[in-house]
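I opened this notebook to record what I looked up in one structure. The entries follow the order in which I took up each topic.

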Amino acid sequence: MRRLFVCGLVALAALVRLHASTLQQLSLDDMIRKSTSIVRGKPVLSGAALRGSIIYTHYQVQVSETLKGVPATSLDVAVLGGTSGGLRQNIAGAPRLVNGQDYVLFLWTSKTGLTQVIGLSQGLFAVIQDSSGQFSAVRAASTERMLNAAGQPVVDSDIRILLGDLRTRIQTVLANRGAH
């Protein structure tokens, strides 16, 4: 009985760790360089599945524009957390996608083929149109604990960039990649 209790505490401690996130702050240029693809598209919820001890919620993103990577019309994007098999996991800092919302997504695909938003919510930008008809990519500052590359605590800030300027920035950063 005591052994079962200890195993339960260990499992609970592992789950608690999933709920608190410390993020490494990524600049826009970091995300451009580290992403395997950057797309503009609209997600549609396709389900959730347990992978090891982590639940991933999957979305089919209908791609309208590929800004980096291999062009595709649709991508499966996995987001940490969700509900599967009667279990629910909430992961602090995980992006929250809304069905049909227009986004720019900075994506990273692992060696196992799982594609996720880079830097948790840092790589998810809503596309909005202002009153003059111009489109911008917008991301609110993360409220999660964040560290810079040197391990020092930092405060994140909102990002708002015209979509045309973002396209130019991506091309510039990728063109200068070989120069470093």
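**Entry 1: Ser 35**

I began with the side chain of Ser 35, which reaches the backbone oxygen of Met 31 at 2.6 Å. I list this as a polar contact, that is, a pair of N or O atoms within 3.5 Å; within protein, one must be able to donate a hydrogen and the other to accept it, and residues adjacent in sequence count only if both atoms are side-chain atoms. Ser 35 sits in the loop between helix 2 (28-34) and strand 2 (37-51). Helices (H or I, at least four residues) and strands (E, at least two) are DSSP runs, numbered from the N terminus.

Is Ser 35 buried or exposed? I found Ser 35 buried, as its relative accessible area is 3%. Here buried means under 20% relative accessible area, exposed over 50%, and partly exposed in between (1.4 Å probe, protein chains only). Not counting residues up to four places away in sequence, Ser 35 touches Lys 68, Phe 106, Leu 107 and Ile 118. Contact is taken as heavy atoms within 4.5 Å.

**Entry 2: basis of the model**

I noted that this is a predicted model, in which local features need pLDDT of at least 70 and side-chain atom pairs count only at pLDDT 80 or more, while totals for chains, interfaces and linings use all residues. Residues are numbered from 1 along each chain as its sequence is written, and side-chain values use heavy atoms, with hydrogens and water left out.

pLDDT is the predictor's confidence in each residue, from 0 to 100. For the protein chain I recorded a mean pLDDT of 89, with 87% of its residues at 70 or more. Over residues 1-19 pLDDT stays under 50, and the model has eight contacts for them beyond four places in sequence.

**Entry 3: the chain as a whole**

I recorded three helices and 13 strands in the protein chain. The protein chain has 180 residues, of which 38% count as buried. Of the contacts with a separation of 6 or more, 59% are between residues 24 or more positions apart. The exposed area of the protein chain is about 10,300 Å², and carbon and sulfur atoms supply 56% of it. Accessible areas come from the Shrake-Rupley method with a 1.4 Å probe; for residues, only the protein chains shown count as cover.

**Entry 4: aromatic rings**

I then returned to Phe 106, one of the residues that Ser 35 touches. Rings of Phe, Tyr and Trp (its six-membered ring) pair if their centres lie within 6.5 Å; planes under 30 degrees apart count as stacked, over 60 as edge-to-face and the rest as tilted. The count by this rule is one aromatic pair. Phe 106 and Phe 125 form this tilted pair, at 5.4 Å centre to centre and with 55° between the planes. The pair links distant parts of the chain, with Phe 106 in strand 7 (residues 103-109) and Phe 125 in strand 9 (residues 124-129), 19 residues apart. Phe 106 is buried at a relative accessible area of 0%, and Phe 125 is buried at 1%.

I also checked for a charge over a ring, which requires NZ of Lys or CZ of Arg within 6 Å of the ring centre and within 35 degrees of the ring normal. Arg 40 lies over the face of Phe 135, at 5.2 Å from the ring centre.

**Entry 5: Thr 57**

Thr 57 belongs to strand 3 (residues 54-68) and counts as buried at 12% relative accessibility. Which backbone oxygen does the side chain of Thr 57 reach? I found that of Gly 81, at 2.6 Å. Beyond its neighbours within four places in sequence, Thr 57 has contacts that include Leu 45, Val 77 and Gly 82.

**Entry 6: Arg 88 and Asn 90**

Arg 88 is in strand 6 (residues 87-89) and counts as exposed at 56% relative accessibility. I noted a polar contact of 2.8 Å between the side chains of Arg 88 and Thr 83, and one of 3.4 Å between those of Arg 88 and Asn 90. Arg 88 and Ile 55 are 33 residues apart in sequence, with 7.7 Å from C-alpha to C-alpha.

Asn 90 lies in the loop between strand 6 and strand 7 and is partly exposed, at 40% relative accessibility.

**Entry 7: Leu 120**

Most residues other than glycine have a negative phi. I therefore logged Leu 120, whose phi is positive, near 55°. Leu 120 is placed in the loop between strand 8 (115-117) and strand 9, and is buried at a relative accessible area of 17%.
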